[in-house]
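Reader: Could you take me, slowly and with the cut-offs stated, through the surroundings of the ligand and the part of the chain that adjoins them? I would rather have one connected account than a list.

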Amino acid sequence: MRILVVGGAGYVGSTTVERLVADGHDVTVYDDLSSGHRASVVEGAALVIGDIADQGHLERVLTDGGIDSVLHCAAKSLVGESMVEPGLYYRNNVAGGVALLEAMRAAGVNRIVFSSTAAVYGEPRRVPIAEADRTEPINPYGATKLAFEGAMRWFCAAHGFRAISLRYFNVAGATERNGEDHDPETHLIPLVLRVAAGEASHVQIFGQDYPTPDGTCIRDYLHVTDMAEAHLLGLEATGEGDPSLEVYNLGSAAGFSVREVIEAVRKVTGRAVPARAVKRRMGDPPVLVASSRRARRELGWQPHHSKLEEMVADAWAWKLEHPQGYATGPRPGAKAAIDAPDRVAAGAGG
Ligand code: UFG
């Protein structure tokens with residue numbers, strides 16, 4: 001396939017690009033590098049720096065590159081930010097997304113896989129969540145992803161698009177080459193690894209009075225290479241069939257609690273990880289776990305690397321190899337900080 005990966009310099013995008021190139025596909029990355037990293041784009045893929053809202057530019061890139069399918073991973077994706085800047089999310093995730101669809105239509109490209117989110121479901125009525133369950137997002141992030149799915153659905157009906165939307169929650173782990181480097185970092189596993197590395201004194205546990213076995217929130221974590229595989233299978237599946245939008249949840253159907261994640265980091269790193277329970281974070285449902293039965297059955301997808309310790313071990317290995325993330329030059333004080341945690345007793349939280 002000749003694939004345009006919009007947002008291909010981000011965490012999930014770059015790892016998927018790595019996989020697509022390894023499998024012999026012709027890949028062009030289109031990214032504004034607002035949160036992605038130039039260095040994450042593997043050799044063998046072309047990089048075009050551009051704005052998702054620039055329909056004319058996208059159309060030229062699609063046409064000049066002889067692109068036959070698009071992978072869209074370019075959304076703004078911070079729940080908290082979306083609550084205070086909804087306009088940014090509607091502009092980027094909805095208006096920008098529609099510019100991409102219009103460019104595809106003009107260039108005669110009708111295959112698209114969208115990296116969506118299980119945040120479209122809002123507070124689930126039951127877990128594991130299935131694709132047909134009610135979608136009632138509780139933040140602009142989830143609302144804008146759902147709105148874009150709606151646009152794709154109508155482009156399928158009106159313009160013969162074949163589209164797949166992959167809805168998932170928490171991505172973790174790394175390849176040898178690419179890993180997670182967000183600024184600001186809000187995700188649990190990288191934050192806990194920072195504590196293990198001595199870059200922060202302790203991790204905060206957002207609430208320990210949830211109706212779960214250990215009182216902390218349960219989330220569905222998937223290895224980023226399993227995500228890459230799902231995106232590849234999705235792209236292949238858009239090659240045939242009637243025009244339609246097909247939605248697939250991706251999940252492990254088990255989930256891990258915040259305390260289990262912290263424990264796994266202690267075990268894998270052998271470092272102390274002091275933890276303190278603080279009050280709940282707004283908008284966090286107790287349990288978010290998706291059923292991926294449909295993806296397993298219809299796409300033949302199977303997560304192979306999503307055991308908690310493997311994800312933590314891979315993320316830790318990447319962090320040790322890339323202490324400054326993708327940035328060059330030493331991070332001030334990092335060495336001294338990394339030596340520090342042995343002096344700190346393991347925190348039991350609370
Ligand atoms: N958490 C802590 N301490 C922290 C950070 C997180 O206790 O310092 C907890 C959160 O409260 C939550 C869990 O760890 O219970 C995971 O939090 P993350 O921020 O890592 O991830 P979320 O589950 O909030 O977010 C994920 C995806 C989003 C998606 C969202 C849907 O990363 O893209 O699920 O709700 F939108």
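Author: What follows begins with how far the model can be read, and then moves from the ligand outwards.

This is a predicted model, in which local features require a pLDDT of at least 70 and side-chain atom pairs count only at pLDDT 80 or more, while totals for chains, interfaces and linings use all residues. Residues are numbered from 1 along each chain as its sequence is written, and side-chain values use heavy atoms, leaving out hydrogens and water. The protein chain averages a pLDDT (the predictor's confidence in each residue, from 0 to 100) of 92, and 93% of the residues score at least 70. Over residues 329-350, however, the pLDDT is below 50, although this stretch has 36 contacts (heavy atoms within 4.5 Å) beyond near neighbours in sequence. Where pLDDT is low, the predicted coordinates should not be read in detail.

Around the ligand stand 20 residues (each with a heavy atom within 4 Å of it), and the closest are Tyr141, Leu188, Gln204, Arg281 and Asp284. By type this shell holds 12 nonpolar residues (Ala, Val, Leu, Ile, Met, Phe, Trp, Tyr, Cys and Pro), three charged ones (Asp, Glu, Lys and Arg) and five polar ones (the others, Gly among them). Several pairs of N or O atoms link the ligand to the backbone: a nitrogen atom of the ligand lies 2.6 Å from a backbone N or O atom of glutamine 204, while oxygen atoms of the ligand are found 2.8 Å from a polar backbone atom of leucine 188 and 2.9 Å from one of phenylalanine 206. Taken alone, the ligand exposes 690 Å² (Shrake-Rupley method, 1.4 Å probe), of which the protein buries 91%.

Two elements (DSSP runs, helices being H or I of at least four residues and strands E of at least two, numbered from the N terminus) give two or more residues to this shell, namely helix 6 (188-196) and strand 8 (203-206). Strand 8 gives the most, with three residues.

Helix 6 is itself mostly covered, since seven of its nine residues are buried (under 20% relative accessible area, with a 1.4 Å probe and protein chains only). Those buried residues are Leu188, Ile189, Pro190, Val192, Leu193, Val195 and Ala196, so that leucine 188, whose backbone lies 2.8 Å from a ligand oxygen, is one of them. Their cover includes strand 7 (170-172), strand 8, strand 10 (221-223), helix 8 (258-269) and helix 10 (308-321); strand 8 thus appears both in this cover and in the shell around the ligand.

The backbone at both ends of helix 6 also deserves attention. In the loop between strand 7 and helix 6 lies proline 184, and the peptide bond to proline 184 from aspartate 183 is cis, with omega near 5°. Just after the helix, glycine 198 takes a positive phi of about 80°. Most residues other than glycine have a negative phi, and most peptide bonds are trans. A cis bond is found elsewhere in the chain too, between valine 127 and proline 128, where omega is about -5°, and the place of proline 128 is the loop between strand 5 (111-115) and helix 5 (140-159).

Notes
Polar contact = N/O pair within 3.5 Å; in protein donor to acceptor, adjacent residues only side chain to side chain. Buried < 20%, exposed > 50% of the residue type's maximum accessible area, 1.4 Å probe, protein only.
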